[in-house]
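Welcome, and please open the structure in your viewer. We will take the tour one selection at a time.

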Amino acid sequence: MMKKHNLLLASTVAILPLVPSCEEKQPSGQPEEPKAAEAPTPAQENEYLQRGDKASKALMASLGSKLKAAISRVSNKPRNPKNQPGSLDQEVLTAWEKQLASGEAKPADVVRYKEDQTAVFYRPIMTQGICLKCHGDPSTFSEGLATKLKKAYPGDKATGYRAGQLRGAFRVEFSGE
Ligand code: HEC
């Protein structure tokens, strides 16, 4: 078990930097994140929306199949209903919320085991100022963004955040032996 655990951690640490997400800086050549003070143009908004959606999903799926790992994000206030947490995910998110409430700045990564002993790696995703453009107070959203979000995610729960809050978790489950 210990050996498998170490292998899991090593592979996870190796792949996490490759996992794209809407919160990570794009490699050069890609459109840049808007500066905190600048409103994104409609073209940029489209780009970010796609980045948060299709592009990252496709890449996560292809990385995942290579490594026999299922990579996803979960949140207890999901924008996309597919990112709804399972019961183990919820336990981790709730434990982190408690740690944050007791004054911790950022909870540590954890590995938890499912009933069938499959290991699942979790890393917290915290909000920063830049995230509030799409996850903050909806009354501050540009009209274009608000319309697109409403259309693509009618059940969106992922708004109303402030900086420094727990937005969710990266979740990596290894099914390969
Ligand atoms: C330009 C808009 C935009 C910005 C800025 C943005 N997000 Fe998102 N975020 C989205 C969209 C759209 C989704 C839904 C993606 C999907 O369909 O899986 C999303 C989904 C997520 C999810 C998956 C859980 C869920 O709610 O479905 C997490 C976690 C997340 N964002 C964290 C962040 C963090 C952290 C930041 C800042 C560092 C950030 N986002 C900035 C648009 C954005």
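## A walk through the model

Start with the whole chain on screen: of its 177 residues, 18% count as buried. Keep in mind that you are looking at a predicted model.

Next, switch to the cartoon view. The protein has five helices and four strands. Follow the chain from the N terminus and you will meet them in the order α-α-β-α-β-β-α-α-β.

Now colour by pLDDT. The average for the protein is 80, and 67% of the residues score at least 70. Which element has the highest mean pLDDT, and which the lowest? Select residues 87-101 for the highest: this is helix α3, with a mean of 97. Then select residues 2-15, helix α1, where the mean of 53 is the lowest among the elements. Select residues 24-37 as well: the pLDDT is below 50 over this stretch, which has ten contacts in the model beyond near neighbours in sequence.

Select residues 42-67 to bring up helix α2, and pick out Met 60 within that helix. Is Met 60 buried or exposed? Met 60 is buried because 21 other C-beta atoms lie within 10 Å, and 20 or more are enough to count as buried.

Keep Met 60 selected and add Ile 71. The two are eleven residues apart in sequence, and their C-alpha atoms are 6.1 Å apart in space.

Finally, zoom out to the whole fold. Take the contacts between residues at least 6 apart in sequence: 71% of them join residues at least 24 apart.

Notes:
Residues are numbered from 1 along each chain as its sequence is written. This is a predicted model: local features need pLDDT of at least 70, side-chain atom pairs count only at pLDDT 80 or more; totals for chains, interfaces and linings use all residues. pLDDT is the predictor's confidence in each residue, from 0 to 100. Helices (H or I, at least four residues) and strands (E, at least two) are DSSP runs, numbered from the N terminus. Two residues are in contact if their C-beta atoms, placed from the backbone, lie within 7 Å. A residue is buried if 20 or more other C-beta atoms lie within 10 Å of its own, exposed if 12 or fewer, and partly exposed in between; C-beta atoms are placed from the backbone.
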